Amino acid sequence: MEIKKDVIIALDFSTLEETLNFLDQFKNEKPFVKVGLELYLAEGKKVIEEIKKRGHKIFLDLKLHDIPNTVYKAVKVLLKLDIDMFTLHASGGEQMLTLAKQAVEESGKNTKILAVTQLTSISQEEMKKTQLIEKTLEESVINYAKLAYKCKLDGVISSVLETKKIKENTSKKFLSVTPAIRLENDIASDQKRIATPQKAKENASDFIVVGRSITKSKDPYQTYKKIKEIFTSK
């Protein structure tokens, strides 16, 4: 997959019909899209196949997290699908990450693996309370990013707030994919560490994931074009 800064639309729908009706609004555009847990569980590989038929790149965001051998076998299955990127949790540990990378290499595919650091819905207070991590949220994210880089993954998922530090501690070529992107006046909802497309651009994100700001917009196509112009313009 060619690496070029881009906006990924989160397809936060529960049916294939809703998804395809939404994509129909994009005329000649073929935006990069994210299929998450809800849509994939509802429709399975059919949704991947139908979206691919239309010429879209697909980020499959299932956040795999299990014992290393199970994740290795799960990745082998996922790679039978025509996906461009997928996720797993960095907290699964070095062996799990290494075996996931091995599965991709054995497949001969160029599918990118991204490790989730800390969810953007997690605050520092909650992380300390529920995960018993006494470091700062930023230190935890950087630690997971360095682990993913050591295991030769392609990049990480983090908030915009950590992207510059991640690249400083890994490589400029190590992908930084940032969710929780909202336009200035949009509601944060269940996300805690949100940012605007402009902020993501300033902080060296490679991809931004935008859901409700586009999918709930009165004109999703025009909103997508506006966000893409903000994020990708030089």
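How many aromatic pairs does a search of the whole structure find? The search finds six, where rings of Phe, Tyr and Trp (its six-membered ring) pair if their centres lie within 6.5 Å. Before we look at one of them, a word on the model. It is a predicted one, so to speak of local features takes a pLDDT of at least 70, side-chain atom pairs count only at pLDDT 80 or more, and totals for chains, interfaces and linings use all residues. Residues are numbered from 1 along each chain as its sequence is written, and side-chain values use heavy atoms, with hydrogens and water left out.

Back to the rings. A pair of aromatic rings is described by the distance of the centres and the angle of the planes. Take Phe-26 and Tyr-224: their centres are 5.6 Å apart, with 75° between the planes, and the pair is edge-to-face (planes over 60 degrees apart get that name, those under 30 count as stacked and the rest as tilted). The two rings come from distant parts of the chain, 198 residues apart. Phe-26 sits in the loop between helix H1 (16-23) and strand S2 (32-35), while Tyr-224 belongs to helix H11 (residues 220-232). Helices (H or I, at least four residues) and strands (E, at least two) are DSSP runs, numbered from the N terminus. Phe-26 is buried, at 0% relative accessible area, and Tyr-224 is buried too, at 1%. Buried means under 20%, exposed means over 50%, and partly exposed is in between, using a 1.4 Å probe and protein chains only. Ring pairs also tie Phe-13, Phe-22, Phe-26, Tyr-221 and Tyr-224 into a cluster.

Next, have a look at two helices. The axes of helix H4 (residues 68-78) and H5 come within 8 Å and cross at roughly 25°. Those axes are lines fitted to C-alpha atoms over the stretch in contact, and angles run from 0 to 180 degrees between N-to-C directions. H4 and H5 are therefore roughly parallel to each other, the label for angles under 35 degrees (over 145 is roughly antiparallel, 65 to 115 roughly perpendicular, and the rest oblique). Among the residues making the contact are Val-71, Tyr-72 and Val-75 of H4, with Met-96, Leu-99 and Ala-103 of H5; contact means heavy atoms within 4.5 Å.

Follow the chain out of helix H5 (94-107) and you reach the loop that leads to S5, where Thr-111 has its place. Thr-111 is buried, with a relative accessible area of 6%. Its side chain reaches the backbone oxygen of Ile-83 at 3.4 Å. Not counting residues up to four places away in sequence, Thr-111 touches several others, including Leu-79, Met-85, Phe-86 and Asp-154.

On the other side of strand S5 (112-116), the loop to helix H6 (124-131) holds Gln-118. Is Gln-118 buried or exposed? At 4% relative accessibility, Gln-118 counts as buried. The side chains of Gln-118 and Gln-131 are joined by a polar contact of 3.0 Å. Such a contact is a pair of N or O atoms within 3.5 Å; within protein, one must be able to donate a hydrogen and the other to accept it, and residues adjacent in sequence count only if both atoms are side-chain atoms.

Finally, two alanines have a positive phi. Ala-180, in the loop between strand S7 (175-178) and helix H9 (197-202), has a phi near 60° and is buried at 3%. Ala-204, in the loop between H9 and strand S8 (207-210), has a phi of about 70° and is partly exposed at 30%.
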